[in-house]
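Colleague: Could you take me through this model by question and answer, giving the cut-offs behind each term as we go?

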Protein chains: 4
Amino acid sequence: MEAELRRLKETSDIRIPGKRAQAKEQNRRVILDAARRVFAEFGYGATTVRDIIRATPLASGTFYNYFRSKEEVFQALRDETALAVRPALREARLKTETPEAFVSAVFQTFFAHVAANPADALAITRKHAMHVRVDTPEIVAGFEELREDIEAAIARGLLPPTDPEFLTAAMVGVAFEMAKAMQKRAPANAEAAARFATALFLGGIAALPKQGNGHAPSTH
Amino acid sequence: MEAELRRLKETSDIRIPGKRAQAKEQNRRVILDAARRVFAEFGYGATTVRDIIRATPLASGTFYNYFRSKEEVFQALRDETALAVRPALREARLKTETPEAFVSAVFQTFFAHVAANPADALAITRKHAMHVRVDTPEIVAGFEELREDIEAAIARGLLPPTDPEFLTAAMVGVAFEMAKAMQKRAPANAEAAARFATALFLGGIAALPKQGNGHAPSTH
Amino acid sequence: MEAELRRLKETSDIRIPGKRAQAKEQNRRVILDAARRVFAEFGYGATTVRDIIRATPLASGTFYNYFRSKEEVFQALRDETALAVRPALREARLKTETPEAFVSAVFQTFFAHVAANPADALAITRKHAMHVRVDTPEIVAGFEELREDIEAAIARGLLPPTDPEFLTAAMVGVAFEMAKAMQKRAPANAEAAARFATALFLGGIAALPKQGNGHAPSTH
Amino acid sequence: MEAELRRLKETSDIRIPGKRAQAKEQNRRVILDAARRVFAEFGYGATTVRDIIRATPLASGTFYNYFRSKEEVFQALRDETALAVRPALREARLKTETPEAFVSAVFQTFFAHVAANPADALAITRKHAMHVRVDTPEIVAGFEELREDIEAAIARGLLPPTDPEFLTAAMVGVAFEMAKAMQKRAPANAEAAARFATALFLGGIAALPKQGNGHAPSTH
DNA sequence: CATGAATGAGAGTTCATTCAT
DNA sequence: TATGAATGAACTCTCATTCAT
């Protein structure tokens, strides 16, 4: 754990000696970034404030100039994701006109995000963490929205009138678990994963792409 | 948390002063049961050995007569589940002759288990835990086996020749997330959940049961 | 404590942008006043420099432009009281010609001061402080002087040739403890308290005013 | 402060390897004794739990096996004094038949106790503590009782019908301040102090013992 | 000068773990 | 073997103090 934290440690000590406010914003960033990494690595429950600080070049007291607890950092991460990631996802879904487009939008956007930000859904390879850290703020952020969008899609006839909560759960579950499977492969192929998930949801297992390990998909 | 642990506390203090070996095995049981409850409540990462002890009528030192760490308790829980739950699941899958039967076996067995043992997959409603505790030993146990069975099913032509890891991930993800959704409803309807998941995997969203909130599904 | 400090907070933020020296002296004042309030509230031992700063509109660093520690503020408070309060007390004592006048001067001046500046001898009603804050700078200031005056009074035959230290201690003790008792009553009646203490010292308990709760003493 | 704590440090490491319960009671004692010393030295407000621990040969965590906070130690000290010291004081007062006896009982018992347990009312010679530590548990204990006894004495005609709160305050104040004065002298002469205070209360300053510095009282 | 962010020592407290009983 | 007190490392958080702006 010691070694791992050292690895996570922010070493970019390059502090532009510019203005005070700049440095302050920069430190906030440093802490948030460190927190994201550490949460992803150890999970929210197991990480301590000190873990976050240790993943930072800052002094321990400094943390408390920015956040009052690890909970508050977490919320901040969540909030900033809400501002950054979810709008795109949502917009993609709302603009769709066919079920295919809707489902595809969900998975493509999701897997693309995960592939681009591996830490966000980091598969925990450590001893006891067994599955995708689903409680990572970046990822958690859009659940409610997805359900709302599914309900809206059902309302406008885009999706069949089925149980929206179950459907949301199914999509979320597939997204997370497949994201982990995808990340275990190098290179991660977001396209293939999205194609697989989309096919599953559109036609069931019978429609799934043949063969496929995600590296050299034969389809479409 | 104090109050919650008190609630979790094992109160069956009745220790039959019978045989030594019995008492010994009984303590092991007491610890395992307490650990299962506490893991389910707080998550693996956040629970401490002390939490487990406190959920027990035993003394702190006694814990170490049985386990060396919370990790070891976790593995023990995993192991005993492997012995108890997985064989049934596995057998159901191996005996199937159609894709329908295979998929249905997976989800029916899973949701039935979750409905019968809510604590095993307890959706954490506490502050920061957002999703199903996927790292609960009872649940984690059969993943590898499912993948192996899927590979076997593909090999014998029961399932289409698709990516077995992705398919496993998709089934696992759907199972966990839907289990959580199911548990939020009272009464939990394992049948409805299994029907939904099975339909999804067999025919995609177009095949999903209409309407349905899990309580009074319209489809047969 | 948070709330209490807020209450103590100096809000007169109106800083006339006039002269520099003025502002400087003003800050010193602001800090001293805040320190007096906070010392009175929490006691010297328990208050921190931060507490003082928080009771101020100033920045933390500013404190150190004026004082090097809470100790130094304390001494400053003491010093300024020495200049302001003690001369009056002393003068009253030195002018007396009878024991009655001497004793009366001591207690009247003291209780009048306490009644007029309740914070100076604030009876701490907080958790653990049980008695008058005897270490409050305003109050501590004149002890030595009282003893000197008592010695002088003995020397000039005004007081009997008794142990001056014990007599000083007795007067001081009565003054402080009675001040606290007085402050617990509303309205504080400095006259009654002074009358009581004076009578005690002049004639012992046999001479004490009858009845009397300090509110409506029967004796004139 | 470092050095002082070392001096206060309990070095009697002689732990009779007897029984568990014994050791436990012994540790409780060790902590209470250390706390008494440290409270007396630094005052309640300024002492920290760690100060208490440092005045002990015990480990930091051990403190919390016995008390939850410094407040709780304080209360425990208070309670045990209530059991040990106050009954004697009280009994002495209740048995008296004359004002002389009553007043004398108060001061003799008090000064005798202080002389025998110097730490209880330790005059703080440290930088900022100016007066007797009146908030020391041993001493604080009997205040309420004294007032009750005074009220009872007034009721049965033993004391004149004066303000009981003021009289209590006066006696308490004299007792504390004179105790400090007494302690500054070597050897402390409890008899002389009691005589002085008693005379003051019975006859006022006119009745005070002549001369007297407590060392070679000319008495009666 | 005033500011207030940064610092790291140190406070209060809990923890995993040991070991005498 | 069960117990639970002792331990000291480690955690959360606050403090006094500095110093770039």
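The exchange below goes from one chain to its helix packing, then to the DNA and some single residues.

Colleague: What kind of model is this, and how is it numbered?

Modeller: This is a predicted model, in which local features need pLDDT of at least 70 and side-chain atom pairs count only at pLDDT 80 or more, while totals for chains, interfaces and linings use all residues. Residues are numbered from 1 along each chain as its sequence is written, and chains are lettered from A and ligands numbered from 1 in the order in which they are written.

Colleague: How many helices and strands are there in chain A, and what pattern does the chain follow?

Modeller: Helices (H or I, at least four residues) and strands (E, at least two) are taken as DSSP runs numbered from the N terminus. On that basis chain A has 11 helices and zero strands, and its pattern along the sequence is α-α-α-α-α-α-α-α-α-α-α.

Colleague: What percentage of the residues in chain A are buried?

Modeller: A residue is buried if 20 or more other C-beta atoms lie within 10 Å of its own, exposed if 12 or fewer, and partly exposed in between, with C-beta atoms placed from the backbone. Chain A has 220 residues, and the buried share of them is 45%.

Colleague: What share of the contacts in chain A between residues at least 6 apart in sequence join residues at least 24 apart?

Modeller: Two residues are in contact if their C-beta atoms, placed from the backbone, lie within 7 Å. Among the chain A contacts between residues at least 6 apart in sequence, the share joining residues at least 24 apart is 58%.

Colleague: Are α7(B) and α11(B) roughly parallel or roughly antiparallel?

Modeller: Axes are lines fitted to C-alpha atoms, for helices over the stretch in contact, and angles run from 0 to 180 degrees between N-to-C directions. Helix α7 (residues 99-116) and helix α11 (residues 190-203) of chain B pack at about 150°, with axes 8 Å apart. Angles under 35 degrees count as roughly parallel, over 145 as roughly antiparallel, 65 to 115 as roughly perpendicular and the rest as oblique. The two helices α7(B) and α11(B) are therefore roughly antiparallel.

Colleague: Which class of residue, nonpolar, polar or charged, has 12 members in the contact of α7(B) with α11(B)?

Modeller: Among the residues that meet there are Phe107(B) and Phe111(B) in α7(B), and Ala194(B) and Phe201(B) in α11(B). Ala, Val, Leu, Ile, Met, Phe, Trp, Tyr, Cys and Pro count as nonpolar, Asp, Glu, Lys and Arg as charged, and the others, Gly among them, as polar. The contact of α7(B) with α11(B) has one charged residue and three polar ones, and the class with 12 is nonpolar.

Colleague: In chain C, how many nonpolar residues does the contact of α10(C) with α11(C) have?

Modeller: Helix α10 (residues 164-184) of chain C packs on α11(C) at about 145°, with the axes 10 Å apart. In α10(C), Val174(C), Ala175(C), Met178(C) and Met182(C) meet Ala190(C), Ala193(C), Ala197(C) and Leu200(C) of α11(C). The contact of α10(C) with α11(C) has no polar and no charged residues, and its nonpolar residues number eight.

Colleague: Which residues come nearest to DNA strand E?

Modeller: A residue is near a molecule or strand if its C-beta atom, placed from the backbone, lies within 6 Å of it. Of the 36 residues around DNA strand E, those that come nearest are Gly61(A), Thr48(B), Arg50(B), Gly61(C) and Thr48(D).

Colleague: And which residues are closest to DNA strand F?

Modeller: The surface near DNA strand F has 11 nonpolar, 18 polar and six charged residues. Among the elements supplying at least two residues each are α3 (49-54) and α4 of chain A. Of the 35 residues that surround DNA strand F, the closest are Thr48(A), Gly61(B), Thr48(C), Gly61(C) and Gly61(D).

Colleague: Is Gly173(B) buried or exposed, and which residues does it touch?

Modeller: Gly173(B) lies in helix α10 (residues 164-184) of chain B. Because 29 C-beta neighbours lie inside 10 Å, Gly173(B) counts as buried. Not counting residues up to four places away in sequence, Gly173(B) touches Gly173(A), Val174(A), Phe176(A), Glu177(A) and Met178(A).

Colleague: How far apart in space are Ala101(D) and Leu158(D), C-alpha to C-alpha?

Modeller: Ala101(D) is in helix α7 (residues 99-116) of chain D, and with 15 C-beta neighbours inside 10 Å Ala101(D) counts as partly exposed. Ala101(D) and Leu158(D) are 57 residues apart in sequence, and their C-alpha separation in space is 9.8 Å.
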